[in-house]
Amino acid sequence: MSLFSSQLNPRLSDWHGRSAWILGASSGIGRATAEALHKQGASVIVSARQSAALQDFVQGRPNCLALPLDVTDAEAVAAAAQAVHAHVGRAPDLILYCAGHYKPQLATEFDLEEMQRHLAVNYGGALHLLDAVLPMLLAAGKGHLALVGSVAGYRGLPKSLAYGPTKAALNNLAENLYLDLHGKGLGVSIINPGFVETPLTAQNDFSMPSLISAEEAAQHMLHGWAQGRFEMNFPRRFTRWMRLLRCLPDAWYFAAVRRSTGV
């Protein structure tokens with residue numbers, strides 16, 4: 001693997017005989033990815049709080065399993081991980097953390113309860129998952145951990161006071177996980193979408209450039225895993241500019257955001 005290669009993980013392309021556990025699979029990106037992986041031949045375990053949506057997914061899919069779950073409950077996550085291991089017979093090939101909470105917030109309308117809810121779901125839930133699955137993955141010496149972040153985690157953005165910092169934390173967490181686990185045979189990836197049409201983004205009252213469907217997002221993710229990528233960001237026509245903004249001096253960055261958003 002060359003220094004500048006985009007392949008930083010073992011490739012995941014042939015999903016026949018492979019398994020995936022998706023947390024946050026009741027709607028949006030998680031649901032679309034579950035459907036895409038199943039079409040590729042994977043056995044898919046879906047988790048979320050909405051039991052009815054999970055049952056709807058597994059209906060007619062005998063090799064799939066619904067595990068209703070609140071990711072903020074550490075004991076429930078641990079129990080679910082054991083159920084996944086029992087169902088698959090080993091550690092799953094892919095574990096995707098797609099659970100998320102989002103509500104627009106400004107500092108001038110600070111809501112501590114909402115800040116803490118974002119932290120509990122978007123970041124705390126990921127830690128509960130890691131506590132539950134890392135021992136089984138390390139024992140297996142293979143498997144892939146994927147976290148869904150956001151380009152909102154690259155730098156501060158208007159109305160992202162609660163959401164953005166949790167996604168920034170996931171980006172940093174993924175980098176540390178990669179450094180610690182790559183040599184153990186495990187894959188780690190971070191997915192940073194731009195604007196995707198989901199129930200969460202439906203709350204936005206502003207224009208969302210380069211908005212894509214959840215199904216398109218899922219295809220980008222499958223393509224990234226097949227290439228062995230560490231980071232996936234899409235659509236590139238939007239995210240390349242967001243990545244560039246990270247490199248700007250602070251004064252330039254704040255001025256650019258004010259000009260483009262009117263804040």
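Start by selecting helices α4 (residues 112–140) and α5 (residues 163–181). Their axes come within 9 Å and cross at roughly 15 degrees. Angles under 35 degrees count as roughly parallel, and α4 and α5 are therefore roughly parallel to each other. The crossing is right-handed. Keep in mind as you go that this is a predicted model.

Now show the side chains where these two helices meet. On the α4 side, pick out His118, Leu119, Asn122, Tyr123, Ala126, Leu127, Leu130, Leu134 and Leu138. On the α5 side, add Tyr163, Thr166, Lys167, Ala169, Leu170, Leu173, Leu177 and Leu181. Colour them by character and you get 13 nonpolar residues, 3 polar and 1 charged.

**Zoom in on a tyrosine**

Stay in α4 and click on tyrosine 123, which sits in that helix. What does tyrosine 123 touch, leaving aside residues up to four places away in sequence? Its contacts are His118, Ala169, Leu170 and Leu173. For a sense of scale, draw a distance from the C-alpha atom of tyrosine 123 to that of leucine 248: the two are 125 residues apart along the chain and separated by 27 Å.

**A pair of rings**

Next, go looking for aromatic pairs; the whole structure has 4 of them. Select tyrosine 102 and tyrosine 163 for one to look at: the ring centres are 5.0 Å apart and the planes stand at 70 degrees, so this pair is edge-to-face. Tyrosine 102 lies in the loop between β4 and α4, while tyrosine 163 belongs to α5, so the pair ties together parts that are 61 residues apart in sequence.

**The other side of the tour's first helix**

Keep α4 on screen and bring in α3 (residues 74–88). The axes of α3 and α4 come within 8 Å and cross at roughly 30 degrees, and this crossing is right-handed. From α3, select Ala74, Val77, Ala78, Ala81, Gln82 and His85. They meet His128, Leu129, Ala132, Val133 and Met136 of α4. How many charged residues are in this contact? There are no charged ones: the contact divides into 8 nonpolar and 3 polar residues.

**Over to the sheet**

Hide the helices for a moment and show the strands. You should see an open sheet of 7 strands, paired in parallel. Reading across, the order is β3-β2-β1-β4-β5-β6-β9. Which strands are at the edges? They are β3 (65–66) and β9 (231–234), each of which pairs on one side only.

Pick β1 (residues 19–23) and β2 (residues 43–47) for a closer look; they pair in the parallel sense over 5 bridges. To find one match between them, click on alanine 20: its bridge partner in β2 is valine 44.

**Helices across the sheet**

Bring back α1 (residues 28–39) and α2 (residues 51–58). Helix α1 lies across β1, β2, β4 (94–97) and β6 (187–193), running at about 170 degrees to β1. Helix α2 lies across β2 and β3, and runs at about 170 degrees to β2.

Now look at the two helices together. Their axes come within 11 Å and cross at roughly 15 degrees, which makes α1 roughly parallel to α2. The crossing of α1 and α2 is right-handed. To light up the contact, choose Arg31, Ala34, Glu35 and His38 in α1, plus Ala53, Asp56 and Phe57 in α2. This contact has 3 nonpolar residues, 1 polar and 3 charged.

**Two backbone stops to finish**

Switch to a backbone view and go to phenylalanine 234 and proline 235. The peptide bond joining them is cis, with omega about -10 degrees. Proline 235 lies in the loop between β9 and α7 (236–245).

For the last stop, select lysine 159, in the loop between β5 (144–148) and α5. Its phi is near 65 degrees, a positive value in a residue other than glycine.

Key
Residues are numbered from 1 along each chain as its sequence is written. This is a predicted model: local features need pLDDT of at least 70, side-chain atom pairs count only at pLDDT 80 or more; totals for chains, interfaces and linings use all residues. Side-chain values use heavy atoms; hydrogens and water are left out. Axes are lines fitted to C-alpha atoms, for helices over the stretch in contact, and angles run from 0 to 180 degrees between N-to-C directions. Helices (H or I, at least four residues) and strands (E, at least two) are DSSP runs, numbered from the N terminus. Angles under 35 degrees count as roughly parallel, over 145 as roughly antiparallel, 65 to 115 as roughly perpendicular and the rest as oblique. A crossing is left-handed if the near helix is turned anticlockwise from the far one by less than a right angle, and right-handed if clockwise. Contact means heavy atoms within 4.5 Å. Ala, Val, Leu, Ile, Met, Phe, Trp, Tyr, Cys and Pro count as nonpolar, Asp, Glu, Lys and Arg as charged, and the others, Gly among them, as polar. Two strands pair if DSSP finds at least two bridges between them. Rings of Phe, Tyr and Trp (its six-membered ring) pair if their centres lie within 6.5 Å; planes under 30 degrees apart count as stacked, over 60 as edge-to-face and the rest as tilted.
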